[in-house]
Amino acid sequence: MESKFVQAGDVRLQYYEEGNCPETMVLVHGYASSAILWKYTIEALAETGNYRIIAINNRGAGDSERTGSEDDYTVQNFANDLYNAVSALGLSDFILVGHSMGGATVTQFAMNHQDMLRGLVLLNSAPLAGRVLADNWEEELRASFAEGGLTRGDMGYQAPHITQDFVDEVNAIILRNPIERAIGGRRSMGALRLRERLGEVTVPTMVIGGDRDTTVGVDNIVAEYLALPEETRHLHMFHGIGHSPNVEVPKRLAGLLARFAAEVRSGEPAAVA
């Protein structure tokens with residue numbers, strides 16, 4: 001994937017770009033990972049020859065600029081950075097896809113800028129109603145960093161097509177996470193109250209999950225779907241798949257995204273459930 005940089009307001013963000021077609025998909029990663037987690041999905045989408053694909057590294061991820069305060073690493077700031085990045089790149093009328101914490105980021109973006117979107121996709125989104133954090137969560141997280149960094153959740157590594165080079169690259173990027181990003185991001189996810197506002201989203205929105213996702217849970221995935229307006233919401237559940245379909249079943253995910261994009265473009269109901 002070709003690595004580039006864009007000045008997004010006060011931070012310089014790294015992004016990967018593939019393809020030069022008029023129709024654009026923007027991909028946003030989750031909490032501890034980076035845009036590299038989209039590698040296999042980007043390759044599968046690129047094979048269609050129908051899309052310009054842009055995957056952005058949030059501040060603190062990959063080679064994007066780091067900032068020093070825990071308060072910088074929130075869903076709201078990531079959404080603002082995303083707006084500044086796509087504006088600098090001259091993007092509009094695109095499909096916006098967010099995985100895990102990225103699902104919260106793209107939802108926040110849609111609340112403020114859905115006029116820029118053709119469609120929205122929430123892929124195993126972080127629970128948009130937030131989560132109760134344990135009393136000692138920050139102490140445990142700091143201890144984890146002292147012992148070598150963030151623990152890795154379900155990254156889809158179990159899939160047979162995953163190479164050791166990919167695993168090593170993703171793990172190395174996770175180990176480079178600044179602790180401010182880890183603490184600020186988790187605190188922000190705990191405080192989310194976006195589910196109650198999903199009725200404001202009027203663009204076609206597809207909720208995608210895996211029925212073996214124990215990171216966010218099927219109950220939360222379905223709750224996001226049910227909170228969306230009936231006339232624009234769509235649901236797809238992968239059977240036997242966990243938290244990271246973009247790694248575990250990238251070709252199936254790419255096909256689903258392409259079908260959703262085509263049906264949104266044609267104006268026909270995107271009946272993907």
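Is Asp-93 buried, partly exposed or exposed, and what is its relative accessibility? I looked this up before anything else, and at 40% relative accessibility Asp-93 counts as partly exposed, because that class covers what lies between under 20% for buried and over 50% for exposed. I note that this is a predicted model, and I read every value below as computed from it.

**Overall fold**

I turned to the chain as a whole and found nine helices and eight strands in it. For the radius of gyration I read 17 Å, which agrees with the value near 19 Å that a compact globule of 273 residues would have. I also took the box that the C-alpha atoms fill along the principal axes, and it comes to roughly 50 × 40 × 35 Å. Buried residues make up 59% of the 273 residues, and the accessible surface is about 11,100 Å², with 47% of it belonging to carbon and sulfur atoms. Of the contacts with a separation of 6 or more, I noted that 76% are between residues 24 or more positions apart.

**Charges**

I then looked up the charged groups, 23 positive and 36 negative, and their mean positions lie 2 Å apart. The count of salt bridges comes to 16, and I followed three pairs among them.

**Asp-93 and Arg-118**

I went back to Asp-93 and found its side chain in a salt bridge with that of Arg-118, at 2.5 Å from N to O. Asp-93 sits in the loop between helix H2 (75-88) and strand E5 (94-99), while Arg-118 belongs to strand E6 (residues 117-123), so the pair ties together parts that are 25 residues apart in sequence. Arg-118, with a relative accessible area of 22%, is partly exposed.

**Glu-138 and Arg-187**

Here I read 3.2 Å from N to O for the salt bridge between the two side chains. Since Glu-138 lies in helix H4 (residues 137-146) and Arg-187 in helix H6 (residues 179-190), this pair ties together parts that are 49 residues apart in sequence. Glu-138 is partly exposed at 26%, and Arg-187 is partly exposed at 31%. I also checked for shared partners, and salt bridges of that kind join Glu-23, Asp-93, Arg-118 and Arg-265 into one network.

**Lys-39 and Glu-43**

My last entry concerns a pair within one helix: the closest N and O atoms of Lys-39 and Glu-43 are 2.8 Å apart, in a salt bridge. The two are separated by about one helical turn, because they stand four residues apart in helix H1 (residues 39-48). I recorded Lys-39 as partly exposed at 24% relative accessibility, and Glu-43 as partly exposed with a relative accessible area of 35%.

Methods
Residues are numbered from 1 along each chain as its sequence is written. This is a predicted model: local features need pLDDT of at least 70, side-chain atom pairs count only at pLDDT 80 or more; totals for chains, interfaces and linings use all residues. Side-chain values use heavy atoms; hydrogens and water are left out. The radius of gyration is taken over C-alpha atoms; the globule rule is 2.2 Å times the number of residues to the power 0.38. Buried means under 20% relative accessible area, exposed over 50%, partly exposed in between (1.4 Å probe, protein chains only). Contact means heavy atoms within 4.5 Å. Accessible areas come from the Shrake-Rupley method with a 1.4 Å probe; for residues, only the protein chains shown count as cover. Lys and Arg count as positive and Asp and Glu as negative; His and the chain ends are not counted. The place of a charge is taken as NZ of Lys, CZ of Arg, CG of Asp or CD of Glu. A salt bridge is a side-chain nitrogen of Lys or Arg within 4 Å of a carboxyl oxygen of Asp or Glu.
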